[in-house]
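Visitor: I should like to understand how the labels applied to a model follow from its values. Please take me through the reasoning step by step.

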Amino acid sequence: MGAVIAKNIKLFNLRKSRGWTQKQAADKLRIPINVYARIEQGVTPGKVDVWSKIQKLYEIPDKDMWNLIKGK
């Protein structure tokens, strides 16, 4: 099995800069790991309530959220 490449590089970098695994981030967000992984991998866009939790967890300013959601 090969490694899955994150398509949402900014979200990946935010997580990695804190030294968290996807499981740790998902636990902090209180969402299933598969949901978090699929968002980071760009497989699913994620729901608004999940992105709201992500914004709070990583302390992302409103002005930067749209680019993060779009994976830019």
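Guide: A residue is called exposed when its relative accessible area is over 50%, buried when that area is under 20%, and partly exposed in between. The model to which these cut-offs are applied here is a predicted one.

Visitor: What makes Lys63 exposed?

Guide: The relative accessible area of Lys63 is 70%. The label requires a value over 50%, and Lys63 is therefore exposed.

Visitor: Why is Asp64 called partly exposed?

Guide: Asp64 has a relative accessible area of 32%. The intermediate class lies between 20% and 50%, so Asp64 is partly exposed.

Visitor: How do you know that Asp64 forms a salt bridge with Lys63?

Guide: The closest N and O atoms of Asp64 and Lys63 are 3.7 Å apart. The criterion asks for a Lys or Arg side-chain nitrogen within 4 Å of a carboxyl oxygen of Asp or Glu, and this pair meets it with its separation of 3.7 Å.

Visitor: How many salt bridges does this rule give?

Guide: The count comes to three. One of them joins the side chains of Arg15 and Glu40, at 2.7 Å from N to O. Arg15 belongs to helix α1 (residues 9–17) and Glu40 to helix α3, so this pair ties together parts that are 25 residues apart in sequence.

Visitor: Why are Arg15 and Glu40 assigned to their accessibility class?

Guide: Arg15 has 5% relative accessibility and Glu40 has 2%. The buried class covers values under 20%; Arg15 therefore counts as buried, and so does Glu40.

Visitor: What separates Asp27 and Lys23 along helix α2?

Guide: Asp27 and Lys23 are four residues apart in helix α2, which means a separation of about one helical turn. They form a salt bridge whose closest N and O atoms are 3.0 Å apart. Asp27, at 44% relative accessibility, counts as partly exposed, as does Lys23 at 45%.

Visitor: Why is α2 called roughly perpendicular to α3?

Guide: Helix α2 (residues 22–29) and helix α3 (residues 33–40) pack at an angle of about 115 degrees, with their axes 8 Å apart. The range for this label is 65 to 115 degrees, so α2 is roughly perpendicular to α3. By class, their contact has six nonpolar, one polar and two charged residues.

Visitor: Which residues of α2 and α3 meet?

Guide: Gln22, Lys23, Ala25, Ala26 and Leu29 of α2 meet Ile33, Tyr36, Ala37 and Glu40 of α3. The crossing of the two helices, α2 and α3, is right-handed.

Methods
Residues numbered from 1 in each chain as written. Predicted model: local features only at pLDDT ≥ 70, side-chain atom pairs only at ≥ 80, totals over all residues. Heavy atoms only, no water. Axes fitted to C-alpha atoms, helices over the stretch in contact; angles between N-to-C directions. Parallel < 35°, antiparallel > 145°, perpendicular 65-115°, else oblique. Left-handed = near helix turned anticlockwise from the far one by under 90°. Contact = heavy atoms within 4.5 Å. Nonpolar A, V, L, I, M, F, W, Y, C, P; charged D, E, K, R; others polar. Buried < 20%, exposed > 50% of the residue type's maximum accessible area, 1.4 Å probe, protein only.
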